[in-house]
Amino acid sequence: MPRLHAPSKEDSRLLPAFPALPERCIHVPATDAEFAAARAALMAAPVLGFDTESKPLFHAQQTDTGPHLVQLATCGEAWLLQLHHAQARQLAADVLASEAIRKAGFGLDHDRRALPARLGVALHNVIDLDRVFKGHGYASSVGVRAAVALVLGRNFHKSKKISTSNWAAQQLSTAQRHYAANDAHGAAMVHAALPAWERRQPAQPQRPARRPRAAQA
């Protein structure tokens, strides 16, 4: 059965811009009070958009020490947890290990392997939205940009330059904060809109069952 094609970058550019989170809605906790506020908000959320960022590796001799940043978002706010902070590691571990909080993101195979080692916990109630779209007949890696175009009818801009910046930096730039926050926010918005989108999709034809081979004499 041929795979469906998600909107291309060129298709996405024809759409209205995705409404990115404003600066006031992006939280990068660093103090005890800020971590307490982040914990209260995150642990109370039933669903969170989820993503991570890692310092890029430029040659094979480099050791991968990431992820360095965990991004979690609702449909209205985002929290960026810099894992060089002990409190950020603990909060990220508690959220990702929680069975009561659904974490939805794209392309999470690497995170499923790396985060348990980084945080010392197993991940629970994590949904890879790429697999949801695969179940509707799309390629195995749709990604947040194409999913936002497909489900929300919006153009989600991603900067290659920012994506390969130093995510292990002690202080994130404004561009990094907005890039990271909106990756998780985009996942949260797609997840929230998925039920209505799925109801509009035609049923996928079932593949015919394979006949068992006849036993050889």
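Four short exercises on this structure follow, each with a worked solution.

This is a predicted model, in which local features need pLDDT of at least 70, side-chain atom pairs count only at pLDDT 80 or more, and totals for chains, interfaces and linings use all residues. Residues are numbered from 1 along each chain as its sequence is written, and side-chain values use heavy atoms, with hydrogens and water left out.

**Exercise 1.** Find which residues touch the most other members of the largest nonpolar core.

Solution. Start with the term: a nonpolar core is a set of buried Ala, Val, Leu, Ile, Met, Phe, Trp, Tyr and Cys residues joined through side-chain atoms within 4.5 Å. Buried means under 20% relative accessible area, exposed over 50%, partly exposed in between (1.4 Å probe, protein chains only). The largest core has 23 residues, and Phe 50, Val 70 and Leu 72 touch the most other members. Next, look at the suppliers. At least two residues each come from α2 (32-44), β2 (47-53), β3 (69-73), β4 (78-82), α3 (86-97) and α4 (109-119). Helices (H or I, at least four residues) and strands (E, at least two) are DSSP runs, numbered from the N terminus. The most comes from α3, with 6 residues. Finally, another core lies apart, with 20 residues, including Leu 129 and Tyr 138.

**Exercise 2.** Work out with which strands β2 pairs, and in what sense.

Solution. Two strands pair if DSSP finds at least two bridges between them. Take β5 (residues 102-105): it pairs with β2 in the parallel sense over 3 bridges. Here Gly 49 stands opposite Ala 104. Now take β3: its pairing with β2 is antiparallel, over 5 bridges. Gln 71 in β3 is the bridge partner of Asp 51. Last, check burial. In β2, 6 of the 7 residues are buried, so the strand is largely enclosed by the rest of the structure.

**Exercise 3.** Describe the surroundings of Ser 12.

Solution. Locate Ser 12 in helix α1 (residues 9-13). Ser 12 is buried, at 0% relative accessible area. Then list its contacts (heavy atoms within 4.5 Å). Beyond neighbours within four places in sequence, these are Pro 7, Arg 145, Ala 149 and Asn 155. The side chains of Ser 12 and Arg 145 also share a polar contact of 2.7 Å. That term means a pair of N or O atoms within 3.5 Å; within protein, one must be able to donate a hydrogen and the other to accept it, and residues adjacent in sequence count only if both atoms are side-chain atoms.

**Exercise 4.** Explain why Cys 25 forms no bond with Cys 75.

Solution. A disulfide needs two cysteine sulfur atoms within 2.5 Å. The sulfur of Cys 25 is 12 Å from the closest cysteine sulfur, in Cys 75, so it is too far for a bond. The whole structure has 0 disulfides. Compare exposure: Cys 25 is buried, at 15%, and Cys 75 is partly exposed, at 42%.
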